[in-house]
Amino acid sequence: MNRRILLGPATLLALAACQDTGHPTAALPPERASASMSEGDRGAEPLVLVAGAPIAFTSTRDGNHEIYVMNASGSRVTRLTDHPAIDLLPSWSPDGRRIAFTTVRDGNWEIYVMNVDGTGLTNLTNSSAADEAPAWSPDGTQIAFWSDRDGYRQIHVMNADGTNRRRLTTSDDEDGSPAWSPDGTQIIFDRFEDDDSDLHVVNVDGSGEFNLSNSPDDESEPAWSPDGTRIAFLRGTNGDSRIWVMNVDGTQQTPVTAISDYATLPAWAANGRKIVFTSTRDGNYEIYLMRADGSGQINLTNDAAYDAFPTWRP
Ligand SMILES: [Ca+2]
Ligand SMILES: [Ca+2]
Ligand SMILES: [Ca+2]
Ligand SMILES: [Ca+2]
């Protein structure tokens with residue numbers, strides 16, 4: 001099903017040069033390194049036209065987990081955090097000006113927010129419990145996350161400035177990976193209960209919760225397509241772990257990656273045509289790009305360090 005396309009760094013730079021960003025690239029400095037293309041590279045046709053908006057991700061390339069942004073071609077990698085503690089799980093504000101993330105710099109997991117140039121660091125959660133996995137609402141006013149402050153990992157929502165936190169789910173299971181519907185009315189999340197995990201959907205007022213996947217396999221890491229019609233997610237069973245895409249009503253469930261792709265953590269491009277994800281197929285964690293049907297996969301990071309948790313600017 002998948003066409004594995006191997007592109008060298010020079011080709012990625014060519015892709016960067018060809019891309020039509022259509023978006024401002026505020027806070028992104030010029031290319032860190034330059035490279036000249038060989039004759040052979042010059043003849044290479046870009047097989048994947050990348051979406052223009054930048055991607056935030058987590059990498060250990062500078063010695064510990066930090067938040068970075070890069071162009072969707074893998075170029076212009078810029079580090080935003082600089083702290084010896086673990087920083088990971090970035091989430092963009094809808095206007096692209098701020099990034100929420102998870103950090104243990106205060107001794108326990110907290111949700112922080114910063115400007116997209118790394119300034120203005122603010123602790124939004126300030127609780128001794130674990131607070132992780134922020135997801136910014138489409139209108140920019142709220143952030144969903146999970147917290148175990150009540151004993152179990154549950155989905156919580158707070159205003160984007162950290163005020164008015166309220167708990168959304170009330171199970172004694174382990175809930176995580178919250179993601180908003182594009183219309184801002186619902187949140188999808190994964191719940192591990194009994195012997196497997198499923199994708200659940202709940203209204204933002206906490207009502208109307210239902211189990212969308214309801215299978216014996218493990219479904220997790222949901223991502224709502226920007227047009228609201230599809231859900232990308234990870235499904236694992238008996239060593240078969242792949243990214244799947246289904247309609248928002250649960251129909252037409254289709255695997256889009258192969259087992260050999262070792263693909264996890266899908267995130268949609270704003271145009272809904274591309275998905276970024278994390279793969280270990282190269283012996284370490286790398287960030288890959290593919291079309292939403294799984295074709296045209298390319299490695300964006302190509303770095304021996306850990307690179308994971310990609311998320312596209314809205
Ligand atoms: Ca760090
Ligand atoms: Ca905390
Ligand atoms: Ca299941
Ligand atoms: Ca890597």
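In this short talk I will go through a predicted model of one protein chain, beginning with the whole chain and then turning to some of its strands, loops and buried residues.

Let me start with how far the model can be trusted. The protein chain averages a pLDDT of 86, and 84% of the residues score at least 70. Residues 1–49 are a stretch to treat with care, since pLDDT stays under 50 there, although the model does have 65 contacts beyond four places in sequence for them.

As for the overall make-up, the protein chain holds 24 strands and 2 helices, and of its 314 residues, 44% are buried. If we take the contacts between residues at least 6 apart in sequence, 41% of them join residues that are at least 24 apart.

Let us now look at one of the sheets. Strands β16, β17, β18 and β19 form an open sheet in that order, with antiparallel pairing. Why do β16 and β19 each have one side without a neighbour in the sheet? These two strands, at residues 218–224 and 254–255, stand at the edges and have a single partner strand each, so there is nothing in the sheet on their other side. Strand β18, which covers residues 240–247, is joined to β19 by 2 bridges in the antiparallel sense, and Val 245 has Thr 254 in β19 as its bridge partner.

Within β18 we also find Ser 241. This residue is partly exposed, because 19 other C-beta atoms lie within 10 Å, whereas 20 or more would be needed to call a residue buried. Leaving aside residues up to four places away in sequence, Ser 241 touches Leu 234, Gly 236 and Ile 259. Ser 241 and Tyr 262 are 21 residues apart in sequence, yet their C-alpha atoms are 7.1 Å apart in space.

The loop between β18 and β19 contains Gln 252, which has a positive phi of about 50° although it is not a glycine. To see why that deserves a remark, recall that most residues other than glycine have a negative phi. Is Gln 252 buried or exposed? With 9 C-beta neighbours inside 10 Å, Gln 252 counts as exposed.

Asn 126 offers a second example, with a positive phi near 50°, and its place is in the loop between β7, residues 122–123, and β8. Asn 126 is exposed as well, having 12 other C-beta atoms within 10 Å.

After that loop comes strand β8, at residues 131–136, where 6 of the 6 residues are buried. Strand β8 runs antiparallel to β9, residues 142–147, and 4 bridges join the two; in one of the pairings, Trp 136 has Ile 143 in β9 as its bridge partner. Together β8 and β9 form a hairpin with 5 residues between them, and Gly 140 in the turn has a positive phi of about 80°.

Ile 143 brings us to the largest nonpolar core, which has 70 residues, and in which Ile 99, Ile 143, Ile 187 and Val 276 touch the most other members. Among the residues that Val 276 touches, not counting those up to four places away in sequence, are Ile 55, Ala 267, Tyr 288 and Trp 312.

Finally, there is another open sheet of 4 strands, in the order β20-β21-β22-β23 and with antiparallel pairing. In this sheet, β21 (residues 274–279) and β22 (residues 286–291) pair over 6 bridges, and the bridge partner of Ser 279 in β22 is Glu 286.

Methods:
Residues numbered from 1 in each chain as written. Chains lettered and ligands numbered in written order. Predicted model: local features only at pLDDT ≥ 70, side-chain atom pairs only at ≥ 80, totals over all residues. Pairing = 2+ DSSP bridges. pLDDT = per-residue confidence, 0-100. Contact = placed C-beta atoms within 7 Å. Core = buried A, V, L, I, M, F, W, Y, C linked by C-beta atoms within 7 Å.
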